[in-house]
Amino acid sequence: MHIAVLMLALMTIATAASAQAQPAAKPIKLVVLGDSLSAGLGLPAQEAFPAKLQKALQAKGIAIDMTNAGVSGDTASGGRDRLDWSVPEGTEGVIVELGANDALRGIDPDLARTALTDIVQRLKARKIAVMLCGMLAPPNYGADYAARFNSIYPDLAKQFDVPLYPFFLDGVAADAKLNQADGIHPTSAGVDIIVGNMLPTVEAFLRNISEQRR
């Protein structure tokens, strides 16, 4: 009887040791490559989009090593020009949030399209997964400009087979209560809505990265 109890105790200890030896899932290294909407202009660092997204993912048990590579004022071309040092070796996924400044300044949509194409191609060449965040042109440049600009993101998502969140500011744009005094940059509450709306798309993106690790 004593031998059976002793064997059971030893087996329990061995099982516990084995469980402890299993390493926790390695965090996914994620970079948000963006402009002031990612950088968190006008907000404390912990209230910027990447920080709040990381917190929301961690609350769901998803381990993330998040880098906020948002630079206020950046155009799509600016993001491309700093791509190599903004996205370090070992990065597994990049959320691209660029183009808002191109649209606000009325920059030729062909330039934004070329820059975003280069970004996606270069990241894919490095075997880094890409997710695009779409942007919509303001109405003041007319229907032709809007059509040319707005088509960039769905076109690239289809061309390169990458996930797309159609409009980064969905549910927040033009709502005075959810934007700062400039009417452009979300408040902390606005960022919460963006994160909540985008979470299912990001989760699916990260699941795909996890599966690629196997």
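**Exercise 1. A loop residue and its surroundings**

Is Ala 174 buried or exposed? Work it out, then place Ala 174 in the chain and look at its backbone.

*Solution.* Keep in mind that this is a predicted model.

- Step 1: Start from the accessible area. Ala 174 has a relative accessible area of 81%, and the cut-off for exposed is over 50%, so Ala 174 is exposed.
- Step 2: Place the residue. Ala 174 sits in the loop between E5 and H10.
- Step 3: Look at the backbone. Phi of Ala 174 is positive, about 70°, although the residue is not a glycine. For background, most residues other than glycine have a negative phi.
- Step 4: Move along to Ala 176. This residue lies in the loop between strand E5 (164–165) and helix H10 (188–213). Ala 176 is exposed too, with a relative accessible area of 69%.
- Step 5: Add a distance. Ala 176 and Thr 187 are 11 residues apart in sequence, and their C-alpha atoms are 9.6 Å apart in space.

**Exercise 2. Another positive phi**

Find where Asp 161 lies, and describe its phi and its exposure.

*Solution.*

- Step 1: Asp 161 belongs to the loop between H9 and E5.
- Step 2: Its phi is positive, about 55°, and Asp 161 is not a glycine.
- Step 3: With a relative accessible area of 68%, Asp 161 is exposed.

**Exercise 3. Confidence and overall make-up**

Take stock of the whole chain: how many helices and strands does the chain have, and what is its mean pLDDT?

*Solution.*

- Step 1: Count the elements. There are 10 helices and 5 strands in the chain.
- Step 2: Check the confidence. The mean pLDDT is 91, and 89% of the residues reach 70 or more.
- Step 3: Find a stretch to treat separately. Over residues 16–22 pLDDT stays under 50, and the model has 0 contacts for them beyond four places in sequence.
- Step 4: Turn to burial. Of the 214 residues in the chain, 43% are buried.
- Step 5: Sort the contacts by sequence separation. Among contacts between residues at least 6 apart in sequence, 77% join residues at least 24 apart.

**Exercise 4. Two helix pairs**

Classify the packing of H8 with H9 and of H3 with H10, and list the residues of each contact.

*Solution.*

- Step 1: Take the first pair. Helix H8 (residues 142–150) and helix H9 (residues 152–160) pack with their axes 5 Å apart, at an angle of about 25°.
- Step 2: Apply the cut-off. Angles under 35 degrees count as roughly parallel, so H8 and H9 are roughly parallel to each other.
- Step 3: Name the partners. H8 contributes Arg 148, Phe 149 and Asn 150, while H9 contributes Ile 152, Tyr 153 and Pro 154. By class, the residues of this contact are 4 nonpolar, 1 polar and 1 charged.
- Step 4: Take the second pair. Helix H3 (residues 49–59) packs against H10 at an angle of about 55°, and the axes are 9 Å apart. H3 and H10 are therefore oblique to each other, and H3 passes H10 in a right-handed crossing.
- Step 5: Name these partners. From H3 come Phe 49, Lys 52, Leu 53, Ala 56 and Leu 57. The H10 residues that they meet include Val 191, Ile 194, Val 195, Met 198 and Leu 206. The contact of H3 with H10 has 11 nonpolar, 1 polar and 3 charged residues.

**Exercise 5. Three residues to compare**

Describe the location, exposure and spatial partners of Asn 101, Lys 124 and Ala 45.

*Solution.*

- Step 1: Asn 101 is part of helix H6 (residues 100–105). Its relative accessibility is 10% and the cut-off for buried is under 20%, so Asn 101 counts as buried. Leaving out residues up to four places away in sequence, Asn 101 touches Asp 35, Gly 73, Asp 74 and Thr 75.
- Step 2: Lys 124 is in helix H7 (residues 109–125). Lys 124 is partly exposed, at a relative accessible area of 36%. Beyond its neighbours within four places in sequence, Lys 124 is in contact with Val 130, Phe 160 and Val 162. Phe 160 is 36 residues from Lys 124 in sequence, and 8.9 Å away in space, C-alpha to C-alpha.
- Step 3: Ala 45 is in the loop between helix H2 (36–39) and H3. At 63% relative accessibility, Ala 45 counts as exposed. The C-alpha atoms of Ala 45 and Asn 68 are separated by 9.6 Å, with the two residues 23 apart along the chain.

Terms used: Residues numbered from 1 in each chain as written. Predicted model: local features only at pLDDT ≥ 70, side-chain atom pairs only at ≥ 80, totals over all residues. Heavy atoms only, no water. Helix = DSSP H or I, 4+ residues; strand = E, 2+ residues; numbered from the N terminus. Buried < 20%, exposed > 50% of the residue type's maximum accessible area, 1.4 Å probe, protein only. Axes fitted to C-alpha atoms, helices over the stretch in contact; angles between N-to-C directions. Parallel < 35°, antiparallel > 145°, perpendicular 65-115°, else oblique. Contact = heavy atoms within 4.5 Å. Nonpolar A, V, L, I, M, F, W, Y, C, P; charged D, E, K, R; others polar. Left-handed = near helix turned anticlockwise from the far one by under 90°. pLDDT = per-residue confidence, 0-100.
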